[in-house]
Amino acid sequence: VTTSRTISVWTEFNESSQLSKKELGYFRGRLSNKLYQTVIGEFRKRESARFSKAKLARRIRKKPEQITRLLAGPGNWTIDTVSDLLLGLGFELGLSAIPITSPLVSEPENNSQQENSPLRFAGMPSDDYDPSSLGRRQGINSLPSQPQPQIQQ
Amino acid sequence: MSIQILIEKCLENETLFILHPSAPEVGAKRIIYLSPVVMEFLGRDDFRSSRLLSELEAFVMGDIVSISMIPRNARSEMMGMLEPIENGLFDYRSRAPRPGLRLIGGFARKDCFIALGMYLRRTMNEPEWRAAIRECDLAWAERFKKHLPMMTGVDPSDYLSNYFCMD
């Protein structure tokens, strides 16, 4: 029997409970990653159409080496960074808030230490897990920015 | 005995753990095995460990991974090949928030990463890197005997699907 663990930080919304550092940090990381996936996904599409890092750098007034560093990972990104990169690619961010629902855990668990473990082990999906909630979580999309009116000089 | 059988044995004796994503949109496209030290760290209630957890879950779910196949070239990339390249070791680079963390390990096959050691980046100078790589080499050999980490060259597509490489 093999053991497998899921460290779950998904919680039901409870307005009276204080969120743990784990929950706060985990969802910050998820957001950061979603932003990175969105930007880099659009860059890869543009890159295949011969849109270069140098062109992106010029468009958003940065040096090419800065673009290389930014596209390699979201470590130091700010909201402004995301805005600039997406706009440079011809997009702006579309956002929606989606409710946090129960975790879906993928594998049954046979470990008898489950109750006492400091980690939460994988188990069956919780009773209130709603399979129809799958697919509702795609909360971030990049939207093509609207064409700007031409200003006559 | 195949490396997969040895991995299964490690799971049985808990010298390795498999990370299952807990997020609802689960649909694992990659596999990551973690040493007990890394797994214990991920179970902590703090900002740093939970950030690493979310990153590793994204890795498992098949999100785009930036990678550098030139040792010492990685700056912001999520993964980098380590010297000596013939050892087939990589580091997974979790850079924010500080302190930066490095997970060192190798691929058993494409999209299957085994992280055996975890280190604080700020403590890593040349001797510490060498020691860490040696440590992971030994940890790998201890678990998988004659099966070395996958090493097929420096084409990232051999190791990862859905990657982004700017080398």
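In strand β5 of chain B, the side chains of B:L89, B:D91 and B:R93 point one way and those of B:F90, B:Y92 and B:S94 the other way, and all of these residues are buried. The model described here is a predicted one.

**Strand β5 of chain B and its neighbours**

Strand β5 covers residues 89–94 of chain B and is mostly covered, with six of its six residues buried. Strand β4 of chain B, residues 79–81, runs antiparallel to β5(B) and is joined to it by three bridges. In this pairing B:G80 stands opposite B:D91. Strand β6 of chain B, residues 101–109, is also antiparallel to β5(B), and six bridges connect the two. Here B:L89 stands opposite B:G106 of β6(B). The connection from β5(B) to β6(B) is a hairpin through six residues.

**Aromatic residues**

Two residues of β5(B) recur among the aromatic contacts: B:F90 and B:Y92, which point to one side of the strand together with B:S94, belong to a cluster linked by ring pairs. The other members of this cluster are B:F59, B:F107, B:F113 and B:Y159. B:F59 has a further partner, since the charged end of B:R30 sits over its ring at 5.0 Å from the centre.

Over all chains, a search of the whole structure finds 10 aromatic pairs. One of them is formed by A:F43 and B:F164; the ring centres are 5.9 Å apart and the planes stand at 85 degrees, so the pair is classed as edge-to-face. An angle over 60 degrees is what that class requires. A:F43 belongs to helix α1 of chain A (residues 21–48) and B:F164 to strand β8 of chain B (residues 163–164), so this pair joins two chains.

Are the two partners buried or exposed? A:F43 has a relative accessibility of 0% and therefore counts as buried. For B:F164 the relative accessibility is 4%, so this residue likewise counts as buried. The cut-off for a buried residue is under 20%.

**The two chains**

Chain B contains four helices and eight strands. Read from the N terminus, its elements follow the order α-β-β-α-α-β-β-β-β-β-α-β. The radius of gyration of chain B is 15 Å, close to the 15 Å that the globule rule gives for 167 residues, so the chain is as compact as a globular protein of that length. The C-alpha trace of chain B spans about 35 × 35 × 30 Å along its principal axes.

Chain A has four helices and two strands. Its elements run α-α-α-α-β-β from the N terminus on.

The table sets out burial and exposed area for each chain.

| Chain | Property | Value |
|---|---|---|
| Chain A | Buried residues | 41% of 153 residues |
| Chain B | Buried residues | 59% of 167 residues |
| Chain A | Exposed area | about 9700 Å², 51% of it from carbon and sulfur atoms |
| Chain B | Exposed area | about 6800 Å², 54% of it from carbon and sulfur atoms |

The contacts within each chain can be described by sequence separation. In chain A, 68% of the contacts between residues at least 6 apart in sequence join residues at least 24 apart. In chain B, residues 24 or more positions apart account for 52% of the contacts with a separation of 6 or more.

Technical notes:
Residues numbered from 1 in each chain as written. Chains lettered and ligands numbered in written order. Predicted model: local features only at pLDDT ≥ 70, side-chain atom pairs only at ≥ 80, totals over all residues. Heavy atoms only, no water. Phe/Tyr/Trp six-rings, centres within 6.5 Å; stacked < 30°, edge-to-face > 60°. Buried < 20%, exposed > 50% of the residue type's maximum accessible area, 1.4 Å probe, protein only. Lys NZ or Arg CZ within 6 Å of the ring centre and 35° of its normal. Rg over C-alpha atoms; globule rule 2.2 N^0.38 Å. Contact = heavy atoms within 4.5 Å. Areas by Shrake-Rupley, 256 points an atom, 1.4 Å probe, with all protein chains shown as cover. Pairing = 2+ DSSP bridges.
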